[in-house]
Amino acid sequence: MNDDKLKILLCEDDENLGMLLREYLQAKGFVAELCADGEAGFKAFLKTKFDICVLDVMMPKKDGFTLAQEIRSANTDVPIIFLTAKTLKEDILEGFKLGADDYITKPFSMEELVFRIEAILRRTKGKKSRESTVYRLGQFTFDTQKQLLQIGEKQTKLTTKENELLALLCSHSNEILQRDFALKTIWIDDNYFNARSMDVYITKLRKHLKDDPQIEIINIHGKGYKLITPEVDDE
C-alpha cells in the first residue's frame, strides 16, 4: 500500500522521539514531515496534501487538540491519530469529539503505530475506491461517495467517521446494528474508548437527522442501535 509514498504529518515536540518516529515511518515506506509544535504543524498542513496526521497532544505554541480543530476546519476527511501521555478518559473523549480516528497513549511501540496507520488508511482509501451508494431516508438523500446528507435545499457535509457510521446504519435500516460489529468495522477495535467515540458520533448523526421527525436512531439496550426509517433503500 506504500507504492506511491503516502504522506504523514507528524507533530511531536519531543525531539528524540520525533526523529525516531520519522526515521521508522520512512523506513516503512512513508514520507513523514516532522514538526515540533502545533503552529509549524498547521503551516505544513496548509502547504502539503497529507494522507494522515499523527499529532502529539501536549505541544508548545498550539496543542494537538487546537491543531486538530484547525485541520478539521480546513479538511473534514483527513484521518487524525493523537499521541499522548494522558490517559484520562476526558482527554481521550475530547480527542474523539474533535474527529480523531485513533488515540495512542505513550509509551507505545512503533510497530503498533504503523499497524494503526495502515488499518485507518486501508479503510479510508478503500472507501474512496468504492462506487457511490445513494440512500433515501424519509425526506433525506444521503450520498456516501460525496459524504453529503441533503434535505430540501439544506446540505450537510459529513466527516469520514459520520459518513461510515451512517452508511452502516443505512445498510441495516430498521434492523439492529450490533454494537461490536459496528466498532470492529469502523474503529477496528471494540475497546472502551472506541465505544465512547461511537456514542459521540451517534449523537452527531441524530442532530444531523433531526429535520425529519420520521427518522430516528434508537438505542437497543445491550445490543446496539437501530435506524428507524419509513423507506428502506433498494440501492
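**Strand β4 and its surroundings in the predicted model**

Strand β3, which spans residues 52-56, pairs with β4 in the parallel sense over 4 bridges, and within this pairing Ile81 of β4 is the bridge partner of Val54. The structure described here is a predicted model. Helix α3, formed by residues 64-74, joins with β3 and β4 in a β-α-β unit that is right-handed. A parallel pairing, again over 4 bridges, links β4 to strand β5, which comprises residues 102-105; here Thr84 has Thr105 of β5 as its bridge partner.

Strand β4 itself covers residues 80-84, and because 5 of its 5 residues are buried, the strand is largely enclosed by the rest of the structure. In a regular strand the side chains alternate between the two faces of the sheet. In β4, Ile80, Phe82 and Thr84 point one way while Ile81 and Leu83 point the other way, and all of these residues are buried.

The cysteines were examined with regard to disulfide formation, for which the two sulfur atoms must lie within 2.5 Å of each other. The count of disulfides comes to 0. For Cys53, the closest cysteine sulfur is that of Cys11, at a distance of 7.2 Å, which is too far for a bond. Cys53 has a relative accessibility of 0% and therefore counts as buried. Cys170 is likewise buried, its relative accessible area being 5%.

Conventions: Residues numbered from 1 in each chain as written. Predicted model: local features only at pLDDT ≥ 70, side-chain atom pairs only at ≥ 80, totals over all residues. Heavy atoms only, no water. Buried < 20%, exposed > 50% of the residue type's maximum accessible area, 1.4 Å probe, protein only. Helix = DSSP H or I, 4+ residues; strand = E, 2+ residues; numbered from the N terminus. Pairing = 2+ DSSP bridges. Right-handed = clockwise from strand over helix to strand, strands pointing away.
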